[in-house]
Amino acid sequence: MALAAAASARADTVLLHNGDRLSGKIAHMSKESLTLDTAHSGKLRISWSAVATLSADTAVVVLREGTPWPERLLLEEADAGHVRVRYPDAADSFLVPLESLQYLNPKPEESGQGLTYKGRLNVSAARSRGNSSSDRAYAETEFRARAKEYRYVLDAKTQRDEEAGRRVASRTLASATYDRFLGERQFWYLRSSLEHDRFKDIDLRASAGVGYGVRLIEDERTELSLRAGLDKVWLNRISDGDENYPALGWGVTFSHWLEGRRLQLFHDQQGFWNLDRRDDMTLRSRTGMRIPVAEGLTASAQLNVDWEREPAPGRNSTDTTWLLGLSYDW
């Protein structure tokens, strides 16, 4: 009982404008919300506008408006809309308005110190035997690094399908993107990709491009960005002729967590419009949803669409792949 009381005494507290008092450990605060790690309800996300004042028994990393670097400060409750802060080695405290706190325990891309790394591995497989015989194997991986002034994304996917012992799909795609932020919303980018698709008569399709992008929405729940620029495409066919051409390239990235973060919707799209032959266009997209099932583990349902307006002779314009799989996020 004494240990439990001591642990409770050391808890951080958050006082809301409606009079509720919440106890736990302050994990993070951004411009939209405060995340409180509690023993009874896990991580609680509280709208920052609902917070009247707060306190922390141990030092918290604080990035205040007008200060270039984060500081380690002790927080003490004050009148609504304010918090009293004190340096750990100082006796005196001073009052600051809550609106001057930009971040508590900021991420590296928020503080400008270091990088945040994220990764995902998604796998899907199916095997049937009996009246029909088929095998499918699909895997994709994504690695992201984010700093305050830039980010880069490495992405790869591969698929192998067989029916009655005969291979009917064999495709691999790898891409890399680098974004350099120009301000709160704008960025310029570099991107490249390598693609092999035996059944679309593509031995190798390589692309490299540069362009301009806009982050229309970027917060804890939703990301929506658009990009457009110029790309160079080199296409080597297996049996048909080779070609290379300049292209107008574009991209769309969208993801959104529903309330409670129980379901995430996503859509990624990349396209190339041949500027030498205006009737030639290529489109790749991934659309689906992810459902967290355990720490780091996510179930996913996904539709991949690859479309070419002018495919190789004897090939179809559109390839669609429905996938049910599991993802591991780190």
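## Reading a surface patch and an enclosed cavity

Student: How many cavities does the structure hold, and what should I keep in mind about the model?

Tutor: This is a predicted model, in which local features need pLDDT of at least 70, side-chain atom pairs count only at pLDDT 80 or more, and totals for chains, interfaces and linings use all residues. Residues are numbered from 1 along each chain as its sequence is written, and side-chain values use heavy atoms, with hydrogens and water left out. Rolling a probe the size of a water molecule over the atoms shows where empty space is left. A cavity is a set of points, on a 1 Å grid over the protein atoms alone, where a 1.4 Å probe fits but cannot get out; here there are 5 cavities of 30 Å³ or more, and the largest has a volume, the space filled by probe spheres set on the points, of about 460 Å³.

Student: Which residues lie nearest the centre of the largest cavity?

Tutor: Lining residues have an atom within 4 Å of a point; of the 25 that line the largest cavity, Asp-155, Ser-175, Asp-268, Gln-270 and Arg-286 lie nearest its centre. The lining divides into 6 nonpolar, 7 polar and 12 charged residues, where Asp, Glu, Lys and Arg count as charged, Ala, Val, Leu, Ile, Met, Phe, Trp, Tyr, Cys and Pro as nonpolar, and the others, Gly among them, as polar.

Student: Which strand supplies the largest share of that lining?

Tutor: Strands are DSSP runs of E, at least two residues long, numbered from the N terminus; S13 (166–181) supplies the largest share, 6 residues.

Student: Is Trp-330 buried or exposed?

Tutor: Buried means under 20% relative accessible area and exposed over 50%, with partly exposed in between (1.4 Å probe, protein chains only); Trp-330, in the segment after S21, is partly exposed at 48%.

Technical notes:
Helices (H or I, at least four residues) and strands (E, at least two) are DSSP runs, numbered from the N terminus. On a 1 Å grid over the protein atoms alone, a cavity is a set of points where a 1.4 Å probe fits but cannot get out, and a pocket is an open set with protein on both sides within 12 Å along at least five of seven lines; lining residues have an atom within 4 Å of a point.
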